[in-house]
There are 2 protein chains.
Amino acid sequence: MSVREDTDTAKTVTDAALRPFLGFNLRRAWNVIHADLTATLEPHDLRMITFSALAVIGDNPGLSQAQLATALSVERPNLVPVTDELASRGLVTRERVPSDRRTYALRLTASGASLLARATTAVHDHESALYADLGEADRATLIAAFRRIESTGTGRS
Amino acid sequence: MSVREDTDTAKTVTDAALRPFLGFNLRRAWNVIHADLTATLEPHDLRMITFSALAVIGDNPGLSQAQLATALSVERPNLVPVTDELASRGLVTRERVPSDRRTYALRLTASGASLLARATTAVHDHESALYADLGEADRATLIAAFRRIESTGTGRS
DNA sequence: CTTATTCGTTATGACTCGTATCTATCGTGC
DNA sequence: GCACGATAGATACGAGTCATAACGAATAAG
């Protein structure tokens with residue numbers, strides 16, 4: 001079948017076969033953004049999951065851990081060490097709810113809100129740098145596309 | 001401080017604080033695509049890494065494992081079990097190179113090429129379904145944006 | 001021959017995430 | 001009051017991914 005190609009010593013190894021796939025490109029972009037995000041949050045002693053949790057708690061004071069897990073798309077067990085850490089660092093409070101003593105009501109403390117504000121600013125600035133080459137319109141297109149992919153894939157609203 | 005909000009029993013837990021961040025949306029989209037891709041490749045007994053490896057080998061016959069690792073952005077040690085599996089399944093050959101007996105020259109076998117073709121079709125079809133809501137222009141915008149994010153983040157080419 | 005470098009490989013550990021399971025609590029029906 | 005199923009939080013365990021360190025074999029340079 002004339003499989004004999006002299007591509008052997010080729011110095012150029014191409015991605016060409018994978019580039020047409022959006023999923024592949026998305027993975028590469030995600031790797032970059034993930035690395036940048038991790039580095040951005042590291043000075044604040046936050047990981048992506050703890051930062052996300054802080055943000056959702058800040059937006060939904062008094063929510064339960066189960067609600068938080070749903071909002072973050074993680075399983076409940078994986079949230080336990082997160083809330084443990086946030087609580088032990090004094091960033092969130094876990095108040096017992098009188099009406100249902102099984103659940104905790106999660107709220108930001110003052111220092112939690114302050115840290116969230118600082119980290120949010122840092123993340124926003126880093127994202128702006130990463131997307132400097134992208135126009136505002138492209139950025140909006142991206143987010144809209146992501147949400148559509150999300151809903152197409154999961155079927156949820 | 002009038003912290004007393006009745007958001008406690010709120011049934012609606014919002015993502016609002018995170019949605020403006022592109023990274024967050026990208027992660028969600030990636031989760032969806034990753035799940036779909038995994039399910040798509042599973043009937044072919046392929047994982048993302050093995051499929052990607054097949055595709056790159058098919059496009060660059062005779063390349064070394066080190067070159068493959070670079071093309072796939074994974075560390076060399078993590079590629080060993082991949083090439084082992086592909087070789088033991090008879091999908092790729094590892095021929096010794098006379099000029100440099102340290103390296104292996106990786107090539108697809110006939111069945112490897114056949115499997116790659118079938119899997120590529122499957123992945124392409126699934127991607128088309130996922131991106132059905134996206135126009136062709138949006139898809140091109142997405143890929144272009146990804147590549148720009150990639151190069152901005154890594155500084156490479 | 002000696003030294004440094006590269007390839008493929010092994011071993012190891014960090015990190016993420018999901019499933020199964022347990023206890024405590026709530027709600028419902030008897 | 002008491003049994004039943006369901007839910008919240010927590011624990012334990014395992015699968016999967018990924019990077020680092022280090023080793024033998026082979027190559028290249030001195």
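A polar contact here is a pair of N or O atoms within 3.5 Å; within protein, one must be able to donate a hydrogen and the other to accept it, and residues adjacent in sequence count only if both atoms are side-chain atoms. This is a predicted model, where local features need pLDDT of at least 70, side-chain atom pairs count only at pLDDT 80 or more, and totals for chains, interfaces and linings use all residues. Residues are numbered from 1 along each chain as its sequence is written, chains are lettered from A and ligands numbered from 1 in the order in which they are written, and side-chain values use heavy atoms, with hydrogens and water left out.

Here are three spots where the protein meets DNA strand D:

| Protein atom | Atom of DNA strand D | Distance |
|---|---|---|
| A:Arg27, polar side-chain atom | phosphate oxygen | 3.3 Å |
| A:Arg102, polar side-chain atom | base oxygen | 2.7 Å |
| B:Arg101, polar backbone atom | phosphate oxygen | 3.0 Å |

Altogether, 17 residues surround DNA strand D, with A:Gln65 and B:Arg47 among the closest; "near" means having a heavy atom within 4 Å of the strand. Of the strand's atoms within 4 Å of the protein, 65% belong to sugar or phosphate and the rest to bases.

Now for the two chains. A turn of 180° and a shift of 0.0 Å along the axis lay chain B on chain A with an RMSD of 0.1 Å, superposed by least squares on the C-alpha atoms of residues with pLDDT of at least 70 in both. That is how a two-fold axis relates copies. In chain B, the C-alpha of B:Leu142 comes closest to the rotation axis, at 3.2 Å.
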